[in-house]
Amino acid sequence: ITVRSAFAAVTAFIVAVLIGSLIIRILKRNGIVQAIREDGPKKHLKKQGTPTMGGLIMLIPVLLSTLLWARFDNNYIYIVLFSIVWFAFIGFLDDFLKMKVGTKGLSVKNKLLMQFAGALAIIFMYLYFSQEFRFATHINVPFMKSPVELPVWLFIIIAALLIAGWSNAVNLTDGLDGLASGLALLVFATLVVMSYIIGNVNMSEYLLLMNVGKAAEITVICSAFVGAILGFLWFNAYPAQVFMGDTGALMLGGVIGTVAVLIKQEILMLVVGVIFMIEMFSVILQVTSYKMTKKRLFRMAPLHHHYQLKGVSEPKIIIRFWIVAVVVLLLTLSTLKLR
């Protein structure tokens, strides 16, 4: 698994770098470019015309690398592949409607319906494929020795909220060059480590973690994502040549949520992805505050725009958010054995 995971990452990176320029040219030629909000930071207006739907630069390498290096006798692989394709399709449809049809894209209601439909399909596939796994509806709680068993109906609700929530959280964070992709890179790197540990009987037993045998193979797909995101960052780093769009953002979030459920680390991954969670809740708080009091808590939501309007430069916001994410990640992993 370690060898195949390494090759999956390298393959995805090379393919992403090789096809990146071609996809950017195709997007430009077809007028698939980002429309910049006029009520946002004025510095963003110079980004008008930057191609979007760049999530394709990650999607294609991940699928190709998975086909080359993953073992398909593990049915968890099919669940993750479904998650990749489904959430990428929602994002692609949203981007396409915005760019080519001239609408505002999918309505919030339709987008949420599609996200929850996909999440429920993933959960039912997981429960079907995990009939012999007695901890299927358990959830690991940090610092507790034993996982908590949930009623099936409650597990389904929580897992669906997590998967759809992750998809939206990454989407809301995607507002600065390289911000969401850099943070997602850290989360997927964590998932590589966690999938391998939890799929390994000796390691999971030593760390007092629930062993999920099928989780080991997920390491290969997560490694492919690490390579693909690195390749995408080649073009998305400040100043960005391309934006990931909903095609990339909804896909990354949906897959993170899916893998978190499969490896039984739903709560831990919320902590690792704390920046995504803060970004999402800053929007929820802003909207709630304005509706109830007609006052805004932040100059603009999500939170990264608040700092921009306060005069902090875009590269500095990005790097500082990355730094916070790394510190939280290291602190989280360092406490794995604490019970």
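The following legends describe close-up views of a predicted model.

**View 1. Helix 2 and its buried residues.** Helix 2 covers residues 56–69. With 14 residues at 1.5 Å a residue, this helix should span 20 Å, and its end C-alpha atoms are indeed 20 Å apart, which agrees with the expected value. The residues of helix 2 that count as buried are Leu56, Ile57, Met58, Leu59, Pro61, Val62, Ser65 and Thr66.

**View 2. The salt bridge between arginine 71 and aspartate 73.** In this pair, the closest N and O atoms of aspartate 73 and arginine 71 are 2.5 Å apart. Aspartate 73 has a relative accessibility of 56% and therefore counts as exposed, whereas arginine 71, with a relative accessible area of 45%, is partly exposed. The count of salt bridges in the model comes to 7.

**View 3. The salt bridge between lysine 111 and aspartate 94, with its network.** Lysine 111 forms a salt bridge with aspartate 94, and the closest N and O atoms of the two side chains are 3.0 Å apart. The pair links distant parts of the chain, since lysine 111 belongs to helix 4 (residues 108–129) and aspartate 94 to helix 3 (residues 75–101), with their positions 17 residues apart in the numbering. Lysine 111 counts as buried because its relative accessibility is 13%, and aspartate 94 is likewise buried, at a relative accessible area of 0%. Salt bridges link Asp94, Lys98, Lys111 and Asp246 in a network.

**View 4. The salt bridge between lysine 264 and glutamate 266.** Here glutamate 266 is joined to lysine 264 by a salt bridge in which the closest N and O atoms lie 3.4 Å apart. Both glutamate 266 and lysine 264 are buried.

**View 5. The stacked pair of phenylalanine 92 and phenylalanine 96.** A search of the whole structure finds 13 aromatic pairs. In the pair shown here, the ring centres of phenylalanine 92 and phenylalanine 96 are 6.2 Å apart and the ring planes meet at 15°, so the pair is classed as stacked; the cut-off for that class is an angle under 30 degrees. The two residues are 4 places apart in helix 3, and phenylalanine 92 and phenylalanine 96 are therefore separated by about one helical turn. In general, an α-helix has 3.6 residues a turn, so residues three or four places apart point the same way. Phenylalanine 92 is partly exposed, with a relative accessible area of 36%, and phenylalanine 96, at 34% relative accessibility, also counts as partly exposed.

**View 6. The edge-to-face pair of tryptophan 166 and phenylalanine 276.** Tryptophan 166 and phenylalanine 276 form an edge-to-face aromatic pair, with 5.8 Å from centre to centre and 65° between the planes. Because tryptophan 166 lies in helix 5 (residues 152–173) and phenylalanine 276 in helix 11, the pair ties together parts that are 110 residues apart in sequence. Both tryptophan 166 and phenylalanine 276 are buried. Elsewhere in the model, Tyr76, Tyr126 and Phe155 form one aromatic cluster.

**View 7. Isoleucine 218 and serine 223 in helix 8.** Isoleucine 218 is found in helix 8, which covers residues 218–236, and counts as buried because its relative accessibility is 0%. When residues up to four places away in sequence are not counted, isoleucine 218 touches Tyr76, Ser195, Val259, Leu262 and Ile263. By contrast with these contacts, histidine 305 is 87 residues from isoleucine 218 in sequence and 35 Å from it in space, taken from C-alpha to C-alpha. Serine 223 also has its place in helix 8, and this residue is buried, with a relative accessible area of 5%. Leaving aside its neighbours within four places in sequence, serine 223 is in contact with Ser5, Ala9 and Val192.

**View 8. A nonpolar surface patch that includes leucine 285.** Phe281, Ile284, Leu285 and Leu297 make a nonpolar surface patch of about 380 Å². Leucine 285 is found in helix 11, which covers residues 274–293. With a relative accessibility of 44%, leucine 285 counts as partly exposed, because that class lies between the cut-offs of under 20% for buried and over 50% for exposed.

Methods
Residues are numbered from 1 along each chain as its sequence is written. This is a predicted model: local features need pLDDT of at least 70, side-chain atom pairs count only at pLDDT 80 or more; totals for chains, interfaces and linings use all residues. Side-chain values use heavy atoms; hydrogens and water are left out. Patches are made of residues with over 30% relative accessible area and no salt bridge: like charges are joined within 9 Å, nonpolar side chains (Val, Leu, Ile, Met, Phe, Trp, Tyr) within 5 Å. Accessible areas come from the Shrake-Rupley method with a 1.4 Å probe; for residues, only the protein chains shown count as cover. A salt bridge is a side-chain nitrogen of Lys or Arg within 4 Å of a carboxyl oxygen of Asp or Glu. Buried means under 20% relative accessible area, exposed over 50%, partly exposed in between (1.4 Å probe, protein chains only). The expected span of a helix is 1.5 Å times one less than its number of residues. Contact means heavy atoms within 4.5 Å. Rings of Phe, Tyr and Trp (its six-membered ring) pair if their centres lie within 6.5 Å; planes under 30 degrees apart count as stacked, over 60 as edge-to-face and the rest as tilted.
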